[in-house]
Amino acid sequence: SDEIPNGSNHGLSSESEKRIRWVHHVPFYVRPAIPAILNLLASALRWTSLVYIDASVVEMMVSGVELTLSVVAARIFRKRIVAPRRWVGVTAVAAGVIIIERANSGKSSGDKEEGDMHSTHDVMIGVILILIQSILSVLQDLAEEIFMQVSGSSVPATMMLGIEGLYGFVVGAIIYFTANETLHGIEDVNATMAMLRDNAMLRWWLAGLPLIFLITGIFNIKATEVTSAMTRNVWKTLRTGMVWMIALSVYYFGNNPALGEAWHVPQSFVLLFGYMVMSGGILAYYSHAEVATSE
C-alpha cells in the first residue's frame with residue numbers, strides 16, 4: 001500500500017516507504033511533541049540571532065541554509081530521489097549563502113564602531129546560531145511532513161499545529177519560570193506591565209504578533225501537508241527580498257536610526273549579488289525534468 005497518500009510523491013520509492021514505518025510505533029499524541037520541541041529551540045535561536053545580525057541577512061542565510069539542508073535531509077531520511085539539476089540549484093543556493101555571509105562579515109570589523117550595528121564577534125555568534133537553528137528547523141519540517149502524510153495514522157495539519165502550540169506553551173512556560181527562579185529574575189514583570197500600560201502601540205503589537213504567527217503557521221503547515229518540507233523551504237526564500245526592502249525603508253524613512261538597516265557600500269551590493277545567486281539556484285532547482293516515482 002502507499003505509505004504517503006498525501007503531499008508530494010516526487011522522488012519517493014519503495015525504500016522511502018520503509019524509512020517511515022517506525023512512525024506507526026509512535027503514539028498519536030506524542031508525534032506533535034517532536035516538531036514542537038524542535039520548533040521551540042529553533043525559534044529561540046532565531047530570535048536571538050537577530051540581536052547579532054541584521055534581519056535581512058538572517059532571512060537570507062536562514063532561507064538558503066534551510067533549503068540546502070532540507071534537500072540533503074530528504075535524501076538521507078526519506079530516500080527521495082533528487083534530480084541532478086536540483087543538486088546544481090542547491091549548490092548555487094549554498095554558494096549564495098556563503099557570499100552573503102562573507103559580505104555581512106565585511107560590514108563589521110573588530111569591535112563596534114560608530115554607525116555599526118554589530119561587531120565581528122557578534123556576527124560570528126549570529127552565524128553559529130543560524131546554522132544550529134536551521135538544522136533544528138529542517139528536522140522539524142521533515143517530522144511534520146512524515147507525521148502528516150503517513151498512511152493510516154496521519155495527523156491533520158491544523159491538529160498538528162494546535163498540539164504543537166500546546167506542547168510549546170507548556171514546555172516554554174516551564175523553562176521560563178524555572179530560569180526566572182534560577183537566575184533570580186530574567187524579567188521584571190512589573191516593569192513590563194508598566195510599559196504595556198503606558199504604550200498603546202506596544203499593546204497592539206503584543207496582541208497582533210501571536211495572530212500573525214497563527215496565520216503564518218497555518219499556511220506553513222498546510223503547505224507541508226500538501227507538498228513537502230523541501231518545497232516549503234524553497235518558497236520561504238521569497239520573503240527575504242520583502243524583509244530587506246522593509247528594513248531599508250524603516251532605516252531611511254523612519255525617525256529612529258537604530259531601527260532598520262542601512263545600505264553599505266560595497267557590502268550591500270555583494271549581498272544583493274549573493275541573493276541573486278541564491279535566487280538563480282532556486283530557478284535551477286525547478287527547471288528540471290520530472291523524476292518518476294519508483295515502484
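Which helices each supply at least two residues of the nonpolar patch? In this predicted model, the helices that do so are H3 and H5. The patch covers about 490 Å² of the surface and is made by Val 72, Ile 76, Phe 77, Trp 87, Ile 135 and Leu 139. H3 gives the largest share, with 3 residues. Trp 87, also a member of the patch, is found in helix H4. The relative accessible area of Trp 87 is 32%, so this residue is classed as partly exposed, a class that lies between the 20% limit for buried residues and the 50% limit for exposed ones.

Helix H3 also contributes to the interior. The largest nonpolar core holds 28 residues, among which Val 71, Ile 100 and Met 278 touch the most other members. Two or more residues of this core come from each of helices H3 (55-77), H4 (84-106), H5 (120-149), H9 (229-235), H10 (239-253) and H11 (267-286). The largest share is that of H3, at 9 residues. When residues up to four places away in sequence are not counted, the contacts of Val 71 are Val 82, Trp 87, Val 90, Met 230 and Tyr 285. Trp 87 thus appears both among the contacts of Val 71 and in the nonpolar surface patch. A second core, separate from the one just described, comprises 14 residues, including Ala 143, Phe 147, Met 160 and Ile 221.

Helix H5 has 30 residues, and the distance from its first C-alpha to its last is 43 Å. This span is close to the 44 Å expected at 1.5 Å a residue. H5 is mostly covered, with 21 of its 30 residues buried. Helix H5 nevertheless supplies at least two residues of the nonpolar patch, as does H3.

The charged contacts amount to 4 salt bridges. In one of them, Arg 78 pairs with Glu 145, with 2.5 Å between the closest N and O atoms. This bridge links distant parts of the chain, since Arg 78 lies in the loop between H3 and H4 and Glu 145 lies in helix H5, 67 residues apart. Arg 78 has a relative accessibility of 0% and therefore counts as buried. Glu 145 is likewise buried, with a relative accessible area of 1%.

Glu 145 also meets the side chain of Arg 80 in a salt bridge, at 3.1 Å from N to O. Arg 80 is placed in the loop between H3 and H4, 65 residues from Glu 145 in helix H5, and this pair too links distant parts of the chain. At 2% relative accessibility, Arg 80 is counted as buried. A further salt bridge joins the side chains of Glu 101 and Arg 102, with an N to O distance of 2.7 Å. Its two partners fall into separate classes: Glu 101 is buried at a relative accessible area of 15%, whereas Arg 102 is exposed at 53%. Through shared partners, salt bridges join Arg 78, Arg 80 and Glu 145 into one network.

Lys 79 also lies in the loop between H3 and H4. Its relative accessible area is 27%, and Lys 79 is therefore partly exposed, in contrast to the buried Arg 78 and Arg 80. Lys 79 is separated from Ser 14 by 65 residues in sequence, with a C-alpha to C-alpha distance of 9.2 Å in space.

Key
Residues are numbered from 1 along each chain as its sequence is written. This is a predicted model: local features need pLDDT of at least 70, side-chain atom pairs count only at pLDDT 80 or more; totals for chains, interfaces and linings use all residues. Side-chain values use heavy atoms; hydrogens and water are left out. A nonpolar core is a set of buried Ala, Val, Leu, Ile, Met, Phe, Trp, Tyr and Cys residues joined through side-chain atoms within 4.5 Å. Buried means under 20% relative accessible area, exposed over 50%, partly exposed in between (1.4 Å probe, protein chains only). Helices (H or I, at least four residues) and strands (E, at least two) are DSSP runs, numbered from the N terminus. Contact means heavy atoms within 4.5 Å. The expected span of a helix is 1.5 Å times one less than its number of residues. Patches are made of residues with over 30% relative accessible area and no salt bridge: like charges are joined within 9 Å, nonpolar side chains (Val, Leu, Ile, Met, Phe, Trp, Tyr) within 5 Å. Accessible areas come from the Shrake-Rupley method with a 1.4 Å probe; for residues, only the protein chains shown count as cover.
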